[in-house]
Amino acid sequence: MSGQRFLVTGGAGFIGSNFVHHLVARTDATVTVLDKFTYAGNAASLDGLPADRVTTVRGDICDTALVDALVRDADVVVHYAAESHNDNSLRDPAPFVATNLGGTFALLEAVRRHDRRYHHISTDEVYGDLALDDPARFTERTPYRPSSPYSSTKAGSDLLVRAWVRSFGVRATISNCSNNYGPRQHVEKFIPRQITNVLCGERPRLYGDGRNVRDWIHADDHSSAVLRIIEAGRIGETYLIGADGERDNRSVLEMILTTMGESVDAYDRVPDRAGHDLRYAIDGSKLTRELGWRPEHGDFARGLRATIDWYRENERWWRPQKAATEAQYRERELQP
């Protein structure tokens, strides 16, 4: 990756900013971050990065002229930008269609014009869900079966990438990752919401019976996997990224409470959300077998403790988001 110029879309978001930090720490690449700075993007997530290596551009991936100019000046495009919260997609699907499909189309066309290397960040949610007692895991051959406007638009964007590879020879790879956790994640997401509720003296809330299973991976491991795919992945291939981190939501919440010195039952249950997937589980053996990648943060309890410590120590980062996020959740819970 020596001396290469990266364009990272959504680079002020949670996993995008983690990748930018990882790229700066592990390579000598220069990075341009393109971010719309919606509620999910935070300029503070890029604090401490060297100004001579990281440039930030405020803009929309649907702006074809801007995208074309930035792609022309890059060697590698890594596409993180997406509308990404299931609850929000159920309330208003329109931005998800515009950004996740229209934005991906704009990037693919620019990449095609300028013949740039492209890596597409996707999610395991495109595969739908698995039964709680099913021993199977998602693989690269699992059929798509999305269940929300979010996951369906991400599935559509994956299919666009595959079509542009086959029809136009775009040099692209795709990765579908399981649920990320770690520092700088927006407080609307499951783990930081529970942590910050406790820090605010509020009782955490759990959808339904909390049996829904997610496959957790630390954002640092996600970033190292993406970089490895860009370095050595086969063009046109899809790689699943996971860390064997299956845990049900109730267990994760109770682990958070215990770690923070609270009673294990100090939470409230709220009605389950529509279309709530039961279980995600990633088989990442292709990535390990072909590219030799392995996660470094395999101890979930340790990673969770470090994440809790980060939110304790960085209240100035998350506090401005908190009140509005909780107001939106309360509004949803009151709806019939």
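In this predicted model, strand β1 (residues 5-9) and strand β4 (residues 76-79) run parallel and are joined by four bridges. One of the pairings places Phe6 opposite Val76, its bridge partner in β4. Both strands belong to an open sheet of seven strands, ordered β3-β2-β1-β4-β5-β6-β10 with parallel pairing, while an open sheet of three strands, with mixed pairing, has the order β7-β9-β11. The points below take up each sheet with the helices that pack on it, then the contacts between helices, and finally the annotated span.

**The seven-stranded sheet**

- The edges of the sheet are occupied by β3 (54-58) and β10 (238-241), and because each has a single partner strand, one side of each is left without a neighbour in the sheet.
- From one strand to the next, the twist of this seven-stranded sheet averages 20 degrees.
- Helix α5 (residues 149-168) packs on the sheet, where it touches β5 (117-123), β6 (172-177) and β10, and its direction makes about 155 degrees with that of β5.
- Helix α7 (residues 219-232) lies across β1, β4, β5, β6 and β10, and runs at about 145 degrees to β5.

**The three-stranded sheet**

- In the order β7-β9-β11, the edge strands are β7 (179-181) and β11 (246-248), each of which pairs on one side only.
- The twist in this three-stranded sheet averages 50 degrees from one strand to the next.
- β7 pairs with strand β9 (residues 213-218) in the parallel sense over three bridges, and Tyr181 has His218 as its bridge partner in β9.
- Helix α8 (residues 249-259) packs on this sheet by touching β9 and β11, with its direction at about 80 degrees to that of β11.
- α10 also packs on the sheet, touching β7, β9 and β11, and the direction of α10 makes about 55 degrees with that of β7.

**Helix α6 against helix α10**

- Helix α6 (residues 190-199) packs with helix α10 (residues 300-313) at an angle of about 50 degrees, and their axes are 10 Å apart.
- The two helices, α6 and α10, are therefore oblique to each other, and their crossing is right-handed.
- On the α6 side the contact involves Ile191, Pro192, Ile195, Thr196 and Leu199, which meet Phe300, Leu304, Thr307, Ile308, Tyr311 and Arg312 in α10.
- Sorted by class, the residues in the contact of α6 with α10 are eight nonpolar, two polar and one charged.

**Helix α6 against helix α8**

- α6 also packs with α8, at an angle of about 35 degrees and with the axes 10 Å apart, and α6 passes α8 in a right-handed crossing.
- From α6, the residues that make this contact are Phe190, Ile191, Gln194, Ile195 and Val198, and from α8 they are Asn249, Val252, Leu253, Ile256 and Leu257.
- By class, the contact of α6 with α8 consists of eight nonpolar and two polar residues, with no charged residues.
- Ile191 and Ile195 of α6 appear in the contact with α10 and also in the contact with α8.

**The annotated span**

- An unreviewed UniProt entry carries the annotation "domain: NAD(P)-binding", which covers residues 7-297.
- Within the model, residues 7-297 have their end C-alpha atoms 27 Å apart, and this span is 38% helix and 18% strand.

Notes:
Residues numbered from 1 in each chain as written. Predicted model: local features only at pLDDT ≥ 70, side-chain atom pairs only at ≥ 80, totals over all residues. Heavy atoms only, no water. Axes fitted to C-alpha atoms, helices over the stretch in contact; angles between N-to-C directions. Parallel < 35°, antiparallel > 145°, perpendicular 65-115°, else oblique. Left-handed = near helix turned anticlockwise from the far one by under 90°. Contact = heavy atoms within 4.5 Å. Nonpolar A, V, L, I, M, F, W, Y, C, P; charged D, E, K, R; others polar. Pairing = 2+ DSSP bridges. UniProt positions renumbered as here; feature names shortened; annotations may be inferred.
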